[in-house]
Every structure is written in C-alpha cells, then in structure tokens.
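Please look through the sequence and the model below before reading on. The paragraphs after them move from the interior of the protein to its ligand, and then to a single helix.

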Amino acid sequence: MPKVKPELFAFLDDSKIEATLSRLYTEALKQGWSMVFHFLPKAFKMFGKGIDWKMEKESFYDDKYIPILPYQGTFLYMQARALNAKNIVEFGTSFGISTIYLAKAAKDNGGKVISTEYMPHKVKIARQNIEEAGLSEYADIWEGDARETLRNINEPIDFVLLDGWPDLVFPIFKLLEPNLKKGAVIIVDDVQGFQPSMQDYLDYIRKPENGYISTTIRPKKAMEFTIKIS
Ligand SMILES: C[S@@+](CC[C@H](N)C(=O)[O-])C[C@H]1O[C@@H](n2cnc3c(N)ncnc32)[C@H](O)[C@@H]1O
C-alpha cells in the first residue's frame, strides 16, 4: 500500500472524507506486516496461478481491513461518476473504506450504495466510519450473509463492486445479474491472487454470448482521468 498522504484523496474535495480515509488507511497499514507474513509463504502461488480460497483460514481476517488500495478507490469513484451510477451495490464492506468511495460517488450522482457484511463488529465500525465521513445518508450497510441479504435487491443496478471472499464472486454475481442494467459496470477485486476461486465467474463473463465485455486491467502508467460535470 502506498504511504498515506492527504493528496491521495484531494480529488474528492471533502475534508471530512479525506480525514476519515487518511485515518483508516493509516490503521490498515499497521496490519501490513501481519499480511506480509501471512502471504509470504504463498507469494509464489499468488503471483503465479493464484491461491484457492479454501486454503485460507477465515478467522485470520476477523480484524483485518484488507481494503482496496487508494488508486483502486480513485478508479471506482471516477468510474461510478462517469457512469452517473445511482444504484451501487457492494459485496464485502469490511470497515467501510471502499464503501466511502462508493458512497461519495452515490452522493455526487444523487444515488445510494448498498453494501453487505456478515461480521457484526465490522458492520458496527463501518457504520461509524461512514458517519465520520459524513456519508451515512448515502450508504446502507446490510448486516448478514450476502447470499441472503442481496436477495432483497429489487432495483436496477448501475455499478457493482464484488470484494467479499473470492469463492462467492460467481454466486453473488448470479444473484445480482437479473437486476443489472444494460451498461452496468461490475468490478471484482483480487483477480490476481485468488483467480482459481473465481474461475467460474471469469469463464462466464468472458464468453461474449453471455452478454458481457470483460478483461483484467492492470494500469501501471499514469493517465489523467477527467469527467466533464458541468
Ligand atoms: C476484502 S474484505 C472487503 C474490503 C472492503 N471492500 C474495503 O475495501 O475496505 C472482504 C469482506 O467480505 C466479508 N464477507 C465475506 N463473505 C461474506 C458473506 N458471505 N457475506 C457478507 N460479507 C462477507 C468479510 O467479512 C470481509 O470483511
């Protein structure tokens, strides 16, 4: 994760959000070494064909942020704004870092984000963090197993972030698929690292006859991303 600098969040033009994201990423960075030691023995696999999620101990993640990186958050926000996404759905809230980026996009687009998390202590803290960022009005955190909670989505969906446990990407996607609008964008994190656990999803969305265009993106060289908003 890059060093936390307020400039990373300046484009959001909101001092409360900048302060909250700076605090949360600083806390997440403190877990960096335990993440490095956890994944070090598996590094060979992670950067090769990837790890099967079934080999992971879920309890290790009870207190872990495992957030999207700031440049991923930037990309999510910009994409959601470019789409004018009003109905945004997220699988995997954790402590609310990605939800803050999505809720800010929802606020600016006149919409809302529904995110879901099954660890009650994470839900409680995520709600507090989102409130601290001043975004409670734009984010609903549904507590419970996404395989149940997300059955209650009835509205057409513009934008999806799937960032829960990797082996659930395909079942959760299938649950949401009937409500996806034409032009909806679906982003899945951890494709590099846990690809074997989401191979069923990748095989499905990469078949043009299923109605999607999909590829893994790995932006390495800086590009300026601009949206005309007025
Ligand atoms: C990688 S973390 C999410 C990180 C978050 N998106 C962020 O960027 O801050 C994945 C989260 O998904 C949650 N999760 C995993 N399986 C779930 C399920 N079946 N239902 C709801 N939440 C789940 C985990 O408890 C964990 O907090």
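What follows is a walk through a predicted model.

The interior is a natural place to begin. The largest nonpolar core holds 35 residues, and those that touch the most other members are Leu21, Ile88, Ile100, Tyr101, Leu135 and Phe159. Two or more residues of this core come from each of the helices H1 (15-30), H4 (70-83), H5 (97-109) and H6 (120-132), and likewise from each of the strands E3 (139-143), E4 (157-162) and E5 (180-188). Helix H5 gives the most, with 7 residues. Leaving aside residues up to four places away in sequence, Ile100 touches Ile17, Thr20, Leu21, Leu24, Asn129, Ile130, Ala133 and Leu135. A second core, separate from this one, has 33 residues, among them Ile114, Met119, Ala146 and Leu202.

The ligand is surrounded by 23 residues, of which Gly92, Ser98, Glu117, Ala146 and Asp163 come nearest. Strand E1 (87-91), helix H5 and strand E2 (112-117) each supply at least two residues of this shell. Among the polar contacts, a ligand nitrogen lies 2.8 Å from a polar backbone atom of Ala146, a ligand nitrogen lies 3.2 Å from a polar backbone atom of Tyr118, and a ligand oxygen lies 3.0 Å from an N or O atom in the side chain of Lys122. The protein covers 99% of the 610 Å² of accessible area that the ligand has on its own.

Helix H2 (residues 32-39) shows two faces. Met35, His38 and Phe39 are buried there, and because the buried residues of H2 fall within an arc of 85 degrees when seen down its axis, they line one face of the helix. The face turned away from that buried side carries the exposed residues Trp33 and Phe37.

Note on methods. Residues numbered from 1 in each chain as written. Predicted model: local features only at pLDDT ≥ 70, side-chain atom pairs only at ≥ 80, totals over all residues. Heavy atoms only, no water. Buried < 20%, exposed > 50% of the residue type's maximum accessible area, 1.4 Å probe, protein only. Helix = DSSP H or I, 4+ residues; strand = E, 2+ residues; numbered from the N terminus. Arc of directions from axis to C-beta. Core = buried A, V, L, I, M, F, W, Y, C linked by side-chain atoms within 4.5 Å. Contact = heavy atoms within 4.5 Å. Near = heavy atom within 4 Å. Polar contact = N/O pair within 3.5 Å; in protein donor to acceptor, adjacent residues only side chain to side chain. Areas by Shrake-Rupley, 256 points an atom, 1.4 Å probe, with all protein chains shown as cover.
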